[in-house]
Each structure stands twice: as structure tokens, then as C-alpha cells.
Amino acid sequence: MPRLTADALRLAAGGGAAGPLRRFAYDRAAVTPGIVHLGIGAFHRAHMAVYVDAILARDPGWGIIGASLRRPDTRDALKPQDCLYTVVERDASGTACRVVGAILDVLDATTQRRQLLDVMAEPRIRIVSLTVTEKGYCHDPSTGELDAHHPDIVHDLAHPDAPVSAPGLIVAALARRRAAGIPPFTVMSCDNLPANGRTTARIVTRFAALRDPALGRYVAEAVAFPSTMVDRIVPATTEADRRLVAGLTGLDDAWPIVTEPFTQWVIEDRFPAGRPAFESVGAQLVEDVEPFELMKLRMLNGSHSTMAYLGYLGGCQYVAEAVADPRIRGLIYKLMTEEVMPTLPMPRADLEAYRDRLLARFANPALQHRTWQIAMDGSQKLPQRLLGTIRDRLAAGQGSERLALGVAAWMRYVTGIDEAGAPIEVKDPLAARLRDIADAAGRDAAALADGLLGVVEIFGTDLPADTAFRRAVVGQLDSLFRIGALATAARLA
Ligand code: CS2
């Protein structure tokens, strides 16, 4: 079978088994780069790049140069296929395929750092966007401040012209532009962080100030950091996905993406260096993204993490399987309805519709979204997904048993041993420390909860001191140890 390339695509004009193959509708040779994207993983390629792909026919000045910060695998997969890739949208009602051409080049920052900084310093790059995941911001998740002791930050302060972190790369490029009299690019975070624009601004400005106070003032005054709310469920690509795409298109794509039809992007309209007409391709441009972000992080991601830990412990490999279990579904429904929705500023009817749509999306039978994938990096995710809601409820004198169960399920998960006694591969930047705490506590719920609540980067100092919250977490954790995840979920469903 021919590999997906620009030439193969021209020859395959008739399409594959799924009928005519949809593809980008512009002359790629006329497209020039306007965006550098850091963190060119599956999410970006299924989300922002698809919006940009729809813009390029009208406005070819916004092609994307992607960069991976850690591994060359995306570049190595995409370069031999002219950076083209297939996005498959699937749900119970059908399957649609499309080849995206918006990515013009992919660089591997670990070996092409100089080239990446050169591109970021070019005047025609007006946006640097990011999906580097929560941990890529090198921050303290509980405060949202730069972690000046993070090894990558320590490295980048010592070697400011050879940075390895996202803040380090952005500041190195901004410093070069400033020295050359080139206006700064706009920095657009597309990660699931609270107030992601303001958080990124705080982190990048602080890093710049540590490099040089004048550079810090320049970043604070001259660079815009709009916030965004991004949403699309994008499971990691599997071999089965590759086979599916080959069957559908007749072309061999080394890194296709299988995702849901749903997509949403809400963007704060603050782009002094210019932007593509994102609103013309379905994005919502608004003055204030934060209510949307709060809703999405607390409802979707809060449920996702809770389901991931309970589901994994209960033996569910996939989200659709977890949400099909009435115990988990009932728990998530009540978690959203009774505990999360009252903390959100939107009208009740809108929130109910949002919740129902989420439950349908989670149940999508065509996606194989592993609970293990979502369970990853819990230390970086819990603050914005569960703990902010809990804080708001505590301040209002309200209980949070289901949210506390989400936290307790994470604690049970990071012990690294599942309910059948088998090891769990816990992926988390703090995994070793969490494991040490868990090993010292054994199966004593109070000792384990106290040990983990003491991780200040996650819980701050207020939550461990709150006796009602602590009691709820210890109670749920004790139940998880005694009767297991599904039976514990059933008690609150
Ligand atoms: C998920 C998200 O992996 C995870 O932690 O909760 O990636 C989720 O699928 C997206 O935020 C949906 O927009």
C-alpha cells in the first residue's frame, strides 16, 4: 500500500473504501508559516491544526511549523509523508476521514533547537501556540507559579540560548526578536490549565525576569497571552487505528488520529500581532474565556479523571466501558449535577445540556480512550479538575463526597497496586515521591491520605488543614480499600 504523501494523495483522487477522500482545499505550495506550535501531539493535530486547515484556502499566511520538545517520533513519522496526516471522526452514527495539510514542517527540539529558535524569531511568525500538557509549564500546579527549582528551568537559566523547556524557548525567541527590533509574537496556550493565558503569562514573565529584569518588564508589557478553552477527545493512536485508516483511505499513514466529531474552541480575542479569522471556521472569539474554561475543566476533565481512576481500579480499560457501568455513570452524573454545577456561573439549563452532551461523548462506542491515558499526570491535573471545585464548596459550607472520592481514587491509584494485586504503571512527574509515601503508609487509609495531602504542590496548605475535607477523603479511601472502586461508586451513585 502506498504511503500517504502529497504525490500519493494526488493519485488517490478517487478515494478509498469510505468514498472520496476529503482533503485540504488549497495549494500547499502557496502557504507560508505564521504559527509555531510547541507540542505537536495528537491533540493539536486533531484540534487547532484542523481549524487552521479550514482557513488556509482564504488566508495562506498562517501555516503551522510544529515542534516536539521531548522526542523525535512525531517528526520521524510525519516528515516522510510531507507532514500530511489523516483525521478520522467517529461515533455511533458513522465515520468521516480527512487529510490535513496545515502543518508545513515538524522540528524535533532536542536535535534542531537552533533551527526552531531561528523560525520563532522570524517576523512572519505571529503566534506561538502550545499544547505541552500541564507538566510542560514547569510550574507549581497548586499556585500556578513558575517552579524555579524545576530541573529544566535551572538548566535554561544557566543556558538561556540552548533552552529545553517551553518557557525557556519562548523567552529565548522573544529576546532575539526584541534585540532585532521585531515585534513579539502572541503566545497562545491551548492546554487544560486554569486561566491558561494568565497562567502562561505569569510563568513566562517570571522566567524572563529571572534571566534579566529588563527582559521580564518587556515580556510583561509587550507580549499578549490570550486564554483559550480547547475541547476534543483524542485518544492516543493505536495500531488498530493505523489499520482502520489504511482500509478507509487506501494509503498508509504512520500517525493518523481517530477522534470524536465534537470539537470546541473558545478564544480570548487579544492578538496584537494579528490572527487568522478563527471565527470563520467555528471557533468562538470572546472577551472572557474563564467561565468556559472553568465549566470545561470542572465538568469534563473533573469527570474524566474521576472516571479514569475509579474505572481503572474497577477493571475498565476504556472510558466508554466505565461510563456504561451504572455505578460509575450514576456517580459521575451526581458529581456533575450536585457538586460541580452549583459552583459554575452559567444558567442551570445550559449546564444540564452540557452535562448530557458530555455523558453521550464519554459513551462514544467508536473511541478507545484508555482510562490509563487519562490517569496519567494526576499531580498536575487534580488542582484544576477537582480541587478548585472543592475549595469553592468548602467556602460555601457545602460538602463534596463525590469529589473527595475522585481524590481518594487517585490516592488509591498512585499506590501502584490494583485491586487484583497487580502493578499499575503510574505515569506522573511526582510518581517516585508518591510511591514512597504510599509504601510508607501501606493500606492504612488515614496514613495514606495524610501523606499525600502533605504534597503541597498539589493540595496547598489549606486543604490538608480542612478537617471536613480530610475526613471525607479518608472515609472514601477506606471504602476503596475495603469494598473496592465499583462498590464505593455505587454508594454515591
Ligand atoms: C483528558 C483530556 O487525558 C486527559 O486528561 O481528560 O485530554 C480530555 O480528553 C480533553 O481535555 C478533552 O477536551
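1. Helices, taken as H or I runs of at least four residues, and strands, taken as E runs of at least two, are DSSP runs numbered from the N terminus. In those terms, Asp377 falls in the loop between α15 (371-375) and α16, and its phi is near 60 degrees, a positive value in a residue other than glycine. The model under discussion is predicted, and this backbone angle should be read with that in mind. As for its environment, Asp377 counts as buried because its relative accessibility is 6%, where the cut-off for buried is under 20%.

2. Ala195 is another residue to inspect for its backbone, since it has a positive phi of about 45 degrees although it is not a glycine. Its place is in the loop between β10 (186-189) and α8 (196-211). Is Ala195 buried or exposed? With a relative accessible area of 12%, Ala195 is buried.

3. The protein is divided into two parts, domain 1 (6-286) and domain 2 (290-492), and the C-alpha centres of domain 1 and domain 2 lie 29 Å apart. To the contact between them, domain 1 contributes 32 residues and domain 2 contributes 31 residues. The second largest pocket and the second largest cavity, treated below, both bear on this division: the lining of the pocket takes at least three residues from each domain, and the lining of the cavity likewise takes at least three from each.

4. The second largest pocket has a volume of about 320 Å³. Of the 18 residues that line this pocket, Pro141, Ser142, Pro194, Pro383 and Gln384 are the closest to its centre. The elements that give two or more residues to the lining are α8, α11 and α16. Which element gives the most to the lining of the second largest pocket? That is α16, with 4 residues. In composition, the lining of this pocket divides into 7 nonpolar, 7 polar and 4 charged residues.

5. Helix α16 (residues 378-395) also holds Arg385, a residue that is buried, with a relative accessible area of 4%. Once neighbours within four places in sequence are set aside, the contacts of Arg385 are Glu134, Asn192, Leu297, Arg298, Asn301, Gly302, His304, Ser305 and Ile374. A further spatial relation is that between Arg385 and Thr306, which stand 79 residues apart in sequence while their C-alpha atoms are 9.2 Å apart in space.

6. Turning to enclosed space, a search of the whole structure finds 3 cavities of 30 Å³ or more. The largest cavity holds about 60 Å³ of space, and its lining is made by Ile233, His304, Val319, Ala320, Arg361, Phe362, Asn364, Leu367 and His369. How do these residues divide by character? There are 5 nonpolar, 3 polar and 1 charged. Helices α12 (319-324) and α14 (348-362) each supply at least two residues of this lining. His304, listed in the lining of the largest cavity, is also listed among the contacts of Arg385, and a reader following the surroundings of that arginine may want to view the two together.

7. In the second largest cavity lies about 50 Å³ of space. Its lining consists of Asp191, Asn192, Leu193, Asn196, Thr228, Met229, Val230, Glu293, Lys296 and Leu297, with β11 (228-231) and α11 (290-313) as the elements that give two or more residues to it. By character, these lining residues divide into 4 nonpolar, 3 polar and 3 charged. Asn192 and Leu297 belong to this lining, and both are also in contact with Arg385.

8. A last site is Asp152, whose place is in helix α6 (residues 151-158). Asp152 is buried, because its relative accessible area is 17% and the limit for that class is under 20%. The side chains of Asp152 and Arg70 are joined by a polar contact of 2.9 Å. Leaving aside neighbours within four places in sequence, Asp152 is in contact with Cys138, Val164 and Ser165 as well as with Arg70.

Definitions and conventions:
Residues are numbered from 1 along each chain as its sequence is written. This is a predicted model: local features need pLDDT of at least 70, side-chain atom pairs count only at pLDDT 80 or more; totals for chains, interfaces and linings use all residues. Side-chain values use heavy atoms; hydrogens and water are left out. On a 1 Å grid over the protein atoms alone, a cavity is a set of points where a 1.4 Å probe fits but cannot get out, and a pocket is an open set with protein on both sides within 12 Å along at least five of seven lines; lining residues have an atom within 4 Å of a point. Grid points are joined across faces, edges and corners, and a volume is the space filled by probe spheres set on the points. Ala, Val, Leu, Ile, Met, Phe, Trp, Tyr, Cys and Pro count as nonpolar, Asp, Glu, Lys and Arg as charged, and the others, Gly among them, as polar. Domain bounds come from an automatic or database domain assignment. Buried means under 20% relative accessible area, exposed over 50%, partly exposed in between (1.4 Å probe, protein chains only). A polar contact is a pair of N or O atoms within 3.5 Å; within protein, one must be able to donate a hydrogen and the other to accept it, and residues adjacent in sequence count only if both atoms are side-chain atoms. Contact means heavy atoms within 4.5 Å.
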